[in-house]
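Reader: I am new to this structure and would like the labels explained. Please set each value against its cut-off.

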Amino acid sequence: MKDWKKYTKLLLTAAAASVVMFAAPATARAMDGAVELDDNNVWFDDSTGVEYTFALSSSGATLSSVNDENADEGYAVDLPATVTDTEGNDYPVNGLGTGAFVNKTKIASADLSDTSIEYIAGRKTTAMNGYGVGKTGFEGCTSLGEIKLPDCLTAIPNYMFKDCISLQTVKIPKDAKYLGNSMAHTRIFENCDNLESITVASGNTAFVADDGVLYNKAKTTLCAYPNGKAATTFRVPAGVTTIGNGAFQTAKNLTTVEFPESLTSIGQYAFNGAVIQGTTLNENNSLETAVFYGDKSKVKLNQYKPFLDKVTFEQKVTGVTVSADADSCHGSIQLTAEVSPKTATNKEVTWSVSPADIATISEDGLLTVKKAGTVTVTATSKDKRWNSADPAYSDQKEIKVTPYAEKVTVSEQNGKTEVLQGGTLVFTATVEPEGSNVKGVTWSVDKESLASIDENGEFTAKEPGTVVVTATSTDGKDNVAVTDTYTVKITAPVKPDEPSKPTTPSEPTTPSNPTVPETKPAEASAKPQVTAYKVSASQIRITWTKDSAAKAGYRIYVKGGNAKKWTKAADVKASKKSYVLKKVNGKALQSGTVYQVKVASLTKNKKTEGRKLTAKISTAPGKTGLAAKKVKKATVQIKWKKVKGASGYQIQMKTSKKASYKTIKMAGKNAASYKQGKLGKTKVAYYRVRAFKVVNGKQIYGSWSTANVKLR
């Protein structure tokens, strides 16, 4: 009996062993993660009905083909780490052969995470020259919705997931360093219409993902944008310099993309459609508008059409430049604002001026002056910046402004309306509003046979009669003359009577009806003042209102130039009422320099001072010198030297010796040249220039410098 039981036990053990041996070739996984291959190196996964054929070598096992004819729709691929041949030799699964999974439309998921596959398509890096289109990775696996790649995979080749229309997410493995071929479009995710997110495994040193978009680690290159991402607008992050080849190639929802100022290049087919035949592209890319916040002309676009023809480019403003014909203006001036780049879509700007009480500016940049001063004009772009919190691009220009002349008032320094034949008067003209007297006034008399008046307003009486003095300003709007007149009566001197012999005085008598002689009230006299006239670059003639109390004469003090405090210049006799100031502190007066002068009346003696009259005066600017030359046909350029203390320069011109000079330009203090064109009929052009200085709202002119140039 014991022998029978022993025999039965041995029989059952043998039977069980035979069952295990028969079933082993069909087992999906052995306990150690390896699967056994049959004599043809085929592993049959009985859970899915799929046959996997491997090519074995000393370096490992490469999956060479997959037969899923008998598999159900939606099966899962789960590759083992190791395969074992019929002789019991183990081989690590470390290779994926040409087209092994291509166009396997039944695959719903694939897990390669247990394998040691480092690269696909026979290349360790980009694989572009490996299998190629129709032969690589999971291309054409239209039902593939999930994929797990091995951490050791170093490169993802071109076409890896092309036409995987069900794929929703992909994780880039930890050791991946290469994505497609940098020399050509990648087409890795071409037509992955439901791909919403790309992520990166922890520890990867080459790539990073942000909101489902793939970048290089430094985030300077945008490598891939998920085609199925729902957003219609995408803003490329600031700092990105490069859009990779094919990065947005078949995006289906994106209509607008915004590029930062940092962008420098866009790769081939980046926003184009998929290749359908050879190099022919369809238009299955949804992009409509590309917005450049940097200068698009400076962005390198790959020669292989990064964009479809339907895309509209919007160029954002990157800067504004304000310009005008001069740094100063009289009355009004047109300013222009040029936005950069010139291809900017929105070229509109908003104009403003400060202080607003000095000038106004129109919507098109016309500056209109209210009163004299200096204003800052600003043009601000209406275009938005990359960061909404940043102020819009703008530029400013500072302009010195003077208003148009509106009124001229003529006065004589002592208020006189009569003068003896041979006598002189000194006239001044006040131009209003203040600061509007830019070109100076022109003096004239209506009867030149009776009197004359020079450019400084000094009137000389020649013959008895009535003369009308006119001061004319051409600083009115549109150069319209603004004038005022002053009437002067010139009388002949009265000869004195012969002196009579003295008579014996009679006894005084007392009138029976004494009366008080009738007297007329004295006419109000002009306010005492000191005035400068006959001014030159080296001397100033001053005159003052006489003081009956100045018994001991007048003392003249000067401050300015090399005299930092009041300095005595001279004592003059009581009979004098004018003095030529030439020196102060023993040194000659400086040209174009403002001085203060004080005339003190000496009453009892030279130590007692009574009335004091003060005034601000200035020497005339020095001579400029002048050179003129023909610079091109019918065009002349004149140049002069800048003069110390000058407020500006008056330029006059005539076209013949006998003609009168006419003012053609009042240049600013920084000017040193002037160019005049359109002189086609002129044979010889005659020019003269003089500097002027504005003191107390009046121009003080220097001497003329002349030059001429032959044009033909």
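Author: This is a predicted model. A starting point is the largest cavity, to whose lining both domain 1 (32-214) and domain 2 (230-314) give residues, so it lies between them.

Reader: What makes the space a cavity, and how many cavities are there of 30 Å³ or more?

Author: A 1.4 Å probe fits in a cavity but cannot get out. By this rule there are 2 cavities of 30 Å³ or more. The largest cavity holds about 100 Å³ of space.

Reader: Which residues lie nearest the centre of the largest cavity?

Author: Thr186, Ile188, Phe189, Gly246 and Ala247 do, out of 14 lining residues. By class, the lining of the largest cavity has 7 nonpolar, 5 polar and 2 charged residues.

Reader: Which residues line the second largest cavity, and what is its volume?

Author: The volume of the second largest cavity is about 30 Å³. Its lining consists of Gln413, Asn414, Gln529, Thr531, Thr543, Trp544 and Thr545. The classes there are 1 nonpolar, 6 polar and no charged residues.

Reader: Why is Tyr159 called buried or exposed?

Author: Buried means under 20% relative accessible area. Tyr159 has 6% relative accessibility, so Tyr159 counts as buried. Tyr159 lies in the loop between strand 10 (155-156) and strand 11 (169-172), and its phi is positive, about 70°, although Tyr159 is not a glycine.

Reader: Where is Asp163, and why does it count as buried, partly exposed or exposed?

Author: Asp163 is also in the loop between strand 10 and strand 11. Partly exposed runs between the buried limit of 20% and the exposed limit of 50%. At 21% relative accessibility, Asp163 therefore counts as partly exposed. Asp163 is a residue other than glycine with a positive phi, near 65°.

Reader: What makes Ser381 buried or exposed, and what does its side chain reach?

Author: Ser381 is in strand 32 (residues 373-381). Its relative accessibility is 5%, which is under 20%, so Ser381 counts as buried. The side chain of Ser381 reaches the backbone nitrogen of Asp383 at 3.0 Å, and the limit for a polar contact is 3.5 Å. Leaving aside neighbours within four places in sequence, the contacts of Ser381 include Val317, Glu348 and Tyr393.

Reader: Where is Pro355, and is the peptide bond from Ser354 to Pro355 cis or trans?

Author: That bond is cis, with omega near -5°. Pro355 is in the loop between strand 29 (349-354) and strand 30 (359-361). The peptide bond from Glu432 to Pro433 is cis, with omega near 0°, and Pro433 is in the loop between strand 36 (424-432) and strand 37 (441-445).

Note on methods. Residues are numbered from 1 along each chain as its sequence is written. This is a predicted model: local features need pLDDT of at least 70, side-chain atom pairs count only at pLDDT 80 or more; totals for chains, interfaces and linings use all residues. Side-chain values use heavy atoms; hydrogens and water are left out. Helices (H or I, at least four residues) and strands (E, at least two) are DSSP runs, numbered from the N terminus. Buried means under 20% relative accessible area, exposed over 50%, partly exposed in between (1.4 Å probe, protein chains only). A polar contact is a pair of N or O atoms within 3.5 Å; within protein, one must be able to donate a hydrogen and the other to accept it, and residues adjacent in sequence count only if both atoms are side-chain atoms. Contact means heavy atoms within 4.5 Å. On a 1 Å grid over the protein atoms alone, a cavity is a set of points where a 1.4 Å probe fits but cannot get out, and a pocket is an open set with protein on both sides within 12 Å along at least five of seven lines; lining residues have an atom within 4 Å of a point. Grid points are joined across faces, edges and corners, and a volume is the space filled by probe spheres set on the points. Ala, Val, Leu, Ile, Met, Phe, Trp, Tyr, Cys and Pro count as nonpolar, Asp, Glu, Lys and Arg as charged, and the others, Gly among them, as polar. Domain bounds come from an automatic or database domain assignment.
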